[in-house]
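User: I am in my first year and would like to understand how the terms used for a protein structure are justified. Could you take me through them with care?

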Amino acid sequence: MDDEDLPSRLARNIRTLRETRGATQAQLSKLAGVPRATWANLESGTSNPTLSVLHRVASALQVSLEELVAKPRASARHYPRDSLTTRVRGAGLLRKLLPDPLPGMEFDRVELAAGVRITGVPHTPGTREYLACESGELALVASGERFLLKPGDVVVFRGDQKHSYENPGTRTAVGYSVVLLTPPL
């Protein structure tokens, strides 16, 4: 680690971590128990903080001390296909599209071979579900209604009811399911 750029790296990291959280200097200085002027000096790179101050800043930002002084990391991370959660449901394949869970949301890639039908799991009352067809044909049955989706089509339905997905075509169908969950009462 180059000591010469440590103050500017510390300043950049603290500022970036604060901005990422959508907080003001005043809010985080109060949370850390340090004067607002001290926080401003930390972000400007003009301070030489004690270990105690750095520890309070790290706690307020909910990061380790190492992260405060670390060299910047890539702002993106690659997740190979095999690292994403995949479930087999009957003869269908469901793969999570996001490696990190988003509270109240589910994003899945649905792949069905020709003629395959899978049953969806009803969610909590008030849930909305979106099914988009990417390739092939998908049939959605929800509350006794049948919707045939071709590439580019989307159906929005209540996800708290019985539903199923089917590939009535002759080649593999791929779709995407987005579920907006309603928290249980």
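**From values to terms**

Analyst: In this predicted model, the chain exposes about 11100 Å², and carbon and sulfur atoms supply 55% of that area.

User: What makes a residue of this chain count as buried, and what percentage of the 185 residues does so?

Analyst: A residue is called buried when its relative accessible area is under 20%. Set against that cut-off, 33% of the 185 residues of the chain count as buried.

User: How do you know what the radius of gyration of the chain says about a compact globule?

Analyst: The rule multiplies 2.2 Å by the number of residues to the power 0.38, and for a compact globule of 185 residues this would give a value near 16 Å, whereas the chain has 24 Å. The chain therefore does not have the radius that the rule gives for a compact globule. Along its principal axes, the C-alpha trace spans about 70 × 40 × 25 Å.

User: Why are S5 and S8 called paired strands?

Analyst: Two strands pair if DSSP finds at least two bridges between them. Strand S5, residues 128-135, and S8 are joined antiparallel over five bridges, so they satisfy the definition. Within this pairing, tyrosine 130 stands opposite valine 156 in S8.

User: Why do S1 and S8 count as edge strands in their sheet?

Analyst: That open sheet has six strands in the order S1-S2-S3-S10-S5-S8, paired antiparallel. Strand S1 (86-89) and strand S8 (154-158) each have a single partner strand, so one side of each is left without a neighbour in the sheet. From one strand to the next, the twist averages 25 degrees.

User: Which strands stand at the edges of the four-stranded sheet, and why?

Analyst: The order in this open, antiparallel sheet is S4-S9-S6-S7. Strand S4 (117-119) and strand S7 (145-149) stand at the edges, because each has a single partner strand and therefore one side without a neighbour in the sheet. Here neighbouring strands are turned by 20 degrees against each other on average, direction ignored. Strand S6, residues 138-142, runs antiparallel to S7 and is joined to S7 by five bridges, with alanine 142 opposite glutamate 145 in S7.

User: How do you know that H2 and H4 meet, and which residues are involved?

Analyst: Contact requires heavy atoms within 4.5 Å, and by that criterion Leu28, Leu31 and Ala32 in H2 meet Arg56, Val57, Ala60 and Leu61 in H4. Helix H2 (residues 25-32) and helix H4 (residues 51-61) pack at an angle of about 115 degrees, with their axes 8 Å apart, and their crossing is right-handed.

Notes. Residues numbered from 1 in each chain as written. Predicted model: local features only at pLDDT ≥ 70, side-chain atom pairs only at ≥ 80, totals over all residues. Heavy atoms only, no water. Helix = DSSP H or I, 4+ residues; strand = E, 2+ residues; numbered from the N terminus. Axes fitted to C-alpha atoms, helices over the stretch in contact; angles between N-to-C directions. Buried < 20%, exposed > 50% of the residue type's maximum accessible area, 1.4 Å probe, protein only. Areas by Shrake-Rupley, 256 points an atom, 1.4 Å probe, with all protein chains shown as cover. Left-handed = near helix turned anticlockwise from the far one by under 90°.
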